[in-house]
Amino acid sequence: MRTLARRRSRSAGPAALVAVLLGLLLLLAPAASAAGGLDDAAAALKQGQVYVDPAMTSRFSQSQADALTEKIRKTDKPIFIAVVPAADPYGANTVFPDLRTKVGIAGVYGIWRGDQFQARSDRGALPTGSAERIAGASVRSHPGDIDAALNDFVDTAAPQVKGHGVNSTSGGISTAAVVVPLALLALAGTGVFLLFRRSKKRKEEQRRAELAQLRRVVDEDITAFGEELDRLDFNPGAPAADDVQRADYAHALDSYERAKRSMDEAKGPGDVKPVTEALEDGRFALATLDARRERRPLPERRPPCFFDPRHGPSVQDADWAPAGGAARTVPVCRADADRLATGQDPEIRTVPTEHGPQPYWNAGPAYGPWAGGYFGGFGGGGLLPGLLVGTMLGSMMSSPAYGASLDGSGYEGGDYSGGDFNSGDFGGGFDGGGGGGDFGGGGDFGGGF
């Protein structure tokens, strides 16, 4: 009997251990019938890039979700798909920013909510508005068919998306953070570390050199605006001045101070954009003040003069062709409009380069943020690339990286950013229109996201 008991005891030990391990695995494994919610959705998206709320499994099955997950995995792109009901906690106006914040990875986010499908993206992953347009086309191609529409969306978007999937980002850690330590260990650290340091130093030196090149030009812009303020014959305390005039004047002064402060804080070329944004805003305030004082109609909010933003807001569009280039329509100030009308050359802003003074559009990519601050707020941000077609700066701006470089953001799709993004660019929420294209607002996650 004692022998039998000992045998039972020895056989029961491993069985009990297996039972405990199985119990722990069951506790740790994500349940297919989980209660759902934002936390479950974010965890699933970070792990497999596809999430289906339990309330939607009757319309989009687990096998369909698994097949879509495998398709996205093979693309190695930061595409995230969620299928959720049109109910809390997936608010119409909050589901995109909530999931983007909790997942924390820059990429393309497609959400089928109830009976609608919408998509948003980081600019580093897809150009502005592309995700919305692809989602709309997918829904209209497969009305009411969730599986077909989502597969169509992934097939169409994947070739255009920049960055890597979660397998490459290790749940929020950048590829470099994983690959570099492994490479350092494999190569004994020394060679790769030296190459890394040299590359970083070279990039930093280039960044400082480009900023130094820009600083002289931007300082000229700030000085020119300050001189306009000095020449302004306006006394806020004069009897003829009213509150709206004083507000315009204060706005111009605030813009001047903001431009100086932003330039003082600039660390790279991308930091110049807020400076020229402030100068453009200040010059429009001065134009508005001048119209009020002269009792003229208030000016229309138009881009600055294309030939030299220091000329102030444009007053009309005119046809013009650069030397050896195709004609295009550009916004011009009154003086340049008169020059073009009489066959004269406009007064073009030139900047110093290693090849001597050149028009700013031929001075290299460092001037992208400078020009973007002046013109980026017009035409949905797409005005300037069209104006500069065929020029050095125009070629740079037509590339997918233009949006990221203009905003000074250093990451593209697939990088981990956490909650550091511009949620204001999300726009509204699902509007009941059936999907694809109208959130009531902006089309992508914005420059910081």
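Which residues of β3 are buried on one side, and which on the other?

1. Starting with that strand: this is a predicted model, and in it β3 is covered on both faces. Val 108, Gly 110 and Trp 112 are buried on one side, while Tyr 109, Ile 111 and Arg 113 are buried on the other. With six of its six residues (108-113) buried, β3 is therefore largely enclosed by the rest of the structure.

2. Next, the β2 side. Strand β2 (residues 79-84) runs parallel to β3, and six bridges join the pair. If you want a spot to check the register, look at Ala 82, which stands opposite Ile 111 in β3. The connection goes through helix α4 (residues 95-103), and β2, α4 and β3 together make a right-handed β-α-β unit.

3. Then the β4 side. Here the pairing is antiparallel: β3 and strand β4 (residues 116-121) are held in register over six bridges. Ile 111 turns up again, opposite Gln 118 in β4. The two strands form a hairpin with two residues between them, and Gly 114 in that turn has a positive phi of about 65°.

4. On to the charged side chains. The salt-bridge count comes to 22. One to look at is Arg 349 with Glu 220, whose side chains meet at 3.0 Å, N to O. This pair links distant parts of the chain, 129 residues apart: Arg 349 sits in the loop between α12 (334-341) and β7 (350-351), and Glu 220 belongs to helix α9 (residues 190-231). The two ends differ in exposure, since Arg 349 is buried at a relative accessible area of 2%, whereas Glu 220 is partly exposed at 33%.

5. Arg 310 and Asp 308 also meet in a salt bridge, at 2.9 Å, N to O. In this case the acid is the buried partner, as Asp 308 has 5% relative accessibility, while Arg 310 counts as partly exposed at 28%. Back at the Arg 349 and Glu 220 pair, salt bridges that share partners join Arg 216, Glu 220, Asp 221 and Arg 349 into one network.

6. Last, Arg 296 and Asp 290. Their side chains form a salt bridge at 2.6 Å, N to O. Arg 296 is partly exposed, with 42% relative accessibility, and Asp 290 is partly exposed too, with a relative accessible area of 36%.

Terms used
Residues numbered from 1 in each chain as written. Predicted model: local features only at pLDDT ≥ 70, side-chain atom pairs only at ≥ 80, totals over all residues. Heavy atoms only, no water. Salt bridge = Lys/Arg side-chain N within 4 Å of Asp/Glu carboxyl O. Helix = DSSP H or I, 4+ residues; strand = E, 2+ residues; numbered from the N terminus. Buried < 20%, exposed > 50% of the residue type's maximum accessible area, 1.4 Å probe, protein only. Pairing = 2+ DSSP bridges. Right-handed = clockwise from strand over helix to strand, strands pointing away.
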